[in-house]
Amino acid sequence: MTDDKQAKSHTHVETRGAHDLGGFLNYLLAHGIDARISREEMPTTPYEERADAMLLLLSNAGKGLLNIHAMRRASEKFSHEDYLKLSYYDRWLRAIVALCIETGIFSTQEWEAKKRQVMRRNKFSQQRQSD
Amino acid sequence: MANYETNHHTKDADVDNEPLLEGEIWEVALRELLLLKRVITNAELNEQLNRTASQTFAIGASVIAHAWADENFKKSLLSNPKAMIADLGYDVSSMPDLVIVSNTPDIHNVIVCTLCSCYPRYMLGPPPDWYRSAAYRARIVRDPREVLIEFGLEISAETKIRVYDSTADLRYMVLPLCPVSVENMAVADLQVLVTRDSMIGVGAPKSP
């Protein structure tokens with residue numbers, strides 16, 4: 001196997017975005033990512049399906065609220081660590097939230113409050129269950 | 001991918017008494033805020049979920065079958081894909097630009113999106129997991145011949161392999177070689193031979 005297209009790519013990660021994966025096999029291996037291509041097609045989970053639906057609804061083809069280039073920018077700004085750690089739809093959820101805040105669909109405060117509310121509600125339902 | 005196997009919740013997150021995954025918390029919070037702000041409605045969300053669930057590679061297969069059956073259609077399709085797909089009665093108004101790359105005995109084409117997951121979704125339905133995976137994106141441009149063998153597709157050493165890297169604005173799709181001995185077959189019968197993977201370039205069409 002020859003070297004990655006950019007020499008010492010895994011020591012010079014700052015020179016390219018984490019999303020720019022073409023050719024960087026050694027980089028994946030250096031980060032402990034399985035380089036085998038799993039051809040098993042897992043069913044999409046309900047939350048992933050809804051994330052996908054929201055992404056399409058907000059995009060150009062849907063309501064046109066989030067421009068495809070803005071979407072790309074938001075999905076390409078992850079750190080290398082986050083990019084490799086987060087699942088596909090978890091990256092998209094973070095990108096959509098960042099763009100919604102940026103374009104004023106909701107504020108950072110509204111987002112943080114809502115997220116806390118969802119977490120509390122879930123803990124509450126757990127407690128109720130164990131009572 | 002790393003976290004994928006753990007994300008298996010079959011019930012709706014709201015009524016689930018198990019702890020929510022972090023991604024589920026983000027999804028529920030985002031959805032509730034968008035509904036609250038009337039940016040989207042539940043009806044729109046359900047319509048979109050149904051649209052996606054009904055998306056398959058059928059349109060792609062139909063277009064390829066027409067190209068196999070009619071050399072003139074094929075020529076026009078390669079030079080002006082959107083117009084010719086619209087001619088078959090499909091609404092392509094919201095489809096990003098599409099280029100159809102034709103396999104020949106000398107050239108085998110395969111598609112990828114190294115930067116993300118851009119895919120001719122309108123033609124082929126949602127992309128498979130492996131198309132979005134870091135491993136496929138990193139490797140197919142490096143050593144396509146080896147990757148294709150893993151997919152069970154052995155390309156002869158004399159055949160060149162071209163890898164097309166899709167972008168947000170421009171999607172690629174492969175026109176596979178027509179299987180042998182399909183003369184006089186009807187378009188509907190040809191369509192059954194077209195596989196999704198053959199239009200990505202990682203598989204062959206079925207034999208009649």
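**Chain A, its interface with chain B, and the nonpolar cores**

Read along its sequence, chain A of this predicted model follows the pattern α-α-α-α-α-α. In keeping with that pattern, chain A holds 6 helices and 0 strands. Buried residues account for 26% of the 131 residues in chain A, and, among the contacts in this chain that link residues at least 6 apart in sequence, 43% join residues at least 24 apart.

The two chains meet through an interface in which 53 residues of chain B are in contact with 55 residues of chain A. On the chain B side, at least two residues each come from helix H1 (22-36), helix H2 (42-54), helix H7 (129-132), helix H8 (134-139) and helix H9 (144-150). Of the elements on this side, H1(B) gives the most, with 12 residues. Sorted by class, the side of chain B that touches chain A comprises 28 nonpolar, 11 polar and 14 charged residues.

The largest nonpolar core contains 46 residues, and the members that touch the most others are Ile64(B), Met173(B) and Met199(B). Both chains contribute to this core: at least two residues each are supplied by helix H1 (25-30) of chain A and, from chain B, by helix H3 (58-69), helix H5 (81-87), strand E2 (107-112), helix H6 (121-124), H8, strand E4 (170-175) and helix H11 (196-200). H3(B) gives the most to the core, with 6 residues. A second, separate core of 27 residues includes Leu58(A), Leu66(A), Ala74(A) and Ile96(A). In soluble globular proteins, nonpolar side chains tend to be buried together.

The surroundings of Met173(B) were examined further. When residues up to four places away in sequence are not counted, Met173(B) touches Gly60(B), Leu98(B), Ile100(B), Ile111(B), Pro120(B), Met123(B), Leu124(B) and Met199(B). Of these neighbours, Gly60(B) is among the buried residues of H3(B), while Met199(B) is, like Met173(B) itself, one of the core members with the most contacts to other members.

H3(B) has 12 residues and reaches 16 Å from its first C-alpha to its last, which is close to the 16 Å expected at 1.5 Å a residue. The buried residues of this helix are Gly60(B), Ala61(B), Ser62(B), Val63(B), Ile64(B), Ala65(B), Ala67(B) and Trp68(B). These buried residues pack against helix H4 (71-79), H5, H6, E4, helix H10 (187-191) and H11 of chain B.

Methods:
Residues numbered from 1 in each chain as written. Chains lettered and ligands numbered in written order. Predicted model: local features only at pLDDT ≥ 70, side-chain atom pairs only at ≥ 80, totals over all residues. Contact = placed C-beta atoms within 7 Å. Helix = DSSP H or I, 4+ residues; strand = E, 2+ residues; numbered from the N terminus. Nonpolar A, V, L, I, M, F, W, Y, C, P; charged D, E, K, R; others polar. Core = buried A, V, L, I, M, F, W, Y, C linked by C-beta atoms within 7 Å. Buried ≥ 20, exposed ≤ 12 C-beta atoms within 10 Å, placed from the backbone. Expected span 1.5 Å × (residues − 1).
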